[in-house]
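Visitor: Hi! Could you walk me through this one?
Guide: Happy to; here it is.

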Amino acid sequence: MKIMVAIKRVVDYAVKIRVKPDKTGVVTQNVKMSMNPFCEIALEEALRIRESGLASEVVAVSLGPTQCIDTLRTGLAMGADRGIHVESNDALYPLSVANIFKKLVEIEKPSLVILGKQAIDDDCNQTGQMIAGLLNWPQGTFASKVVLDKEKQVVTVDREVDDGTETVCLNLPAVITTDLRLNQPRYATLPNIMKAKSKPIKKFTPEDLNVEIKSDLEIVEVTEPPKRKAGVMLSSVDDLIHKLKNEANVI
């Protein structure tokens, strides 16, 4: 059984984000980039499934500019068997990404596609659902636990929902998106980092896959959130109630 995992290159979570002067986006030039944390969780889960003997191969896929190869190498160092890079310098929105994945799934024929539930740069939380819709596959989103039954060809997924946890049973092939509580991703060791340099990465372009990249969204403006006001020390409960009632207007 083959598992395909999506990997996205994003601004590192520890970097302080700066908005461009023209407010068209955020500054990414000369900024540390890394693998999206939710994608790390997705890859870790795929590797654990393979190590348990329920899968034979894990294929990591990344879409974007040439620099995405560095992110793929990180995935290969974590343990993925090989990589696929779909090179594009255009802005990639969820529907375009889902269409590309649909073509790759038709080529690779995996039994399971695992993605992070969202990326920390755009927070869209749409790609996994769109891939499942385009493929007409069952989906288990916001997964906090994944149990695979290879004999019955089903996967049981515990989902994080507003009211608690929901358990769904999906027939394979299926799409899963991962939540934070699913696992703790491993670190790439130095020997595996060296081995990753020799692992194959196959390259495509959207044109090779007969996918047209087009924007379904228009970014009107990107602005920083308003700065928080300094806190105020109050001398009594009466003062607190007065401010909540007359200044904050919340009671």
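The chat below goes from confidence and the sheet to the pockets and a few backbone details.

Visitor: What should I know about the model and the numbering first?
Guide: Residues are numbered from 1 along each chain as its sequence is written. This is a predicted model, in which local features need pLDDT of at least 70, side-chain atom pairs count only at pLDDT 80 or more, and totals for chains, interfaces and linings use all residues, while side-chain values use heavy atoms, with hydrogens and water left out.

Visitor: What pLDDT does the chain average?
Guide: The chain averages 92, and 100% of the residues score at least 70; pLDDT is the predictor's confidence in each residue, from 0 to 100.

Visitor: And which elements have the lowest and the highest mean pLDDT?
Guide: Helix H6 (residues 237–246) has the lowest mean, 89, and E1 has the highest, 97. Elements here are DSSP runs numbered from the N terminus: helices are H or I with at least four residues, strands are E with at least two.

Visitor: Nice. How many strands form the sheet, and in what order?
Guide: There are 9 strands in an open sheet with mixed pairing, ordered E9-E8-E7-E10-E6-E1-E4-E5-E11. Two strands pair if DSSP finds at least two bridges between them. Strand E9 (164–171) and strand E11 (201–204) are the edges, each pairing on one side only. On average, neighbouring strands are turned by 30° against each other, direction ignored. For angles in general, axes are lines fitted to C-alpha atoms, for helices over the stretch in contact, and the values run from 0 to 180 degrees between N-to-C directions.

Visitor: Which helices pack on it?
Guide: Helix H1 (residues 37–51) does, touching strands E1 (2–6), E4 (57–64), E6 (112–116), E7 (139–149) and E10 (174–178), with its direction at about 150° to that of E6. Contact means heavy atoms within 4.5 Å. Helix H3 (residues 94–108) lies across E1, E4, strand E5 (82–87), E6 and E11, and runs at about 160° to E1.

Visitor: Back to E8 for a second. In which sense does E8 pair with E7 and E9?
Guide: Strand E8 (residues 154–161) pairs with E9 in the antiparallel sense over 8 bridges, and E7 and E8 are antiparallel over 6 bridges. Threonine 156 links both pairings: its bridge partner in E9 is cysteine 169, and valine 147 stands opposite threonine 156 in E8. Another pair between E8 and E9 is glutamate 160 with threonine 165.

Visitor: What about the turns?
Guide: E7 and E8 form a hairpin with 4 residues between them, and glutamine 153 in that turn has a positive phi of about 60°. The hairpin from E8 to E9 goes through 2 residues.

Visitor: Switching to pockets. How much space lies in the largest one?
Guide: About 1,500 Å³. A pocket is found on a 1 Å grid over the protein atoms alone, as an open set of points with protein on both sides within 12 Å along at least five of seven lines; a cavity is a set where a 1.4 Å probe fits but cannot get out, and lining residues have an atom within 4 Å of a point. Points are joined across faces, edges and corners, and volume is the space filled by probe spheres set on them.

Visitor: What lines it?
Guide: The lining has 49 residues, with Lys8, Arg9, Leu92, Asp121 and Asp122 nearest the centre. E4 gives the largest share, 4 residues. By class there are 27 nonpolar, 14 polar and 8 charged residues, where Ala, Val, Leu, Ile, Met, Phe, Trp, Tyr, Cys and Pro count as nonpolar, Asp, Glu, Lys and Arg as charged, and the others, Gly among them, as polar.

Visitor: And the second largest pocket?
Guide: The second largest pocket holds about 500 Å³ and is lined by 20 residues, with Tyr13, Met35, Glu40, Arg186 and Tyr187 nearest its centre. H2 gives the most to this lining, 4 residues.

Visitor: How many cavities of 30 Å³ or more are there?
Guide: The count comes to 1, and its lining includes Val11, Lys16 and Arg18.

Visitor: Last topic: where is the cis peptide bond?
Guide: The cis bond joins leucine 172 and proline 173, with omega about 0°. Proline 173 lies in the loop between E9 and E10. Serine 111, in the loop between H3 and E6, is in contact with residues including Leu172 and Pro173.

How values were computed:
Lists of a residue's contacts leave out its neighbours within four places in sequence.
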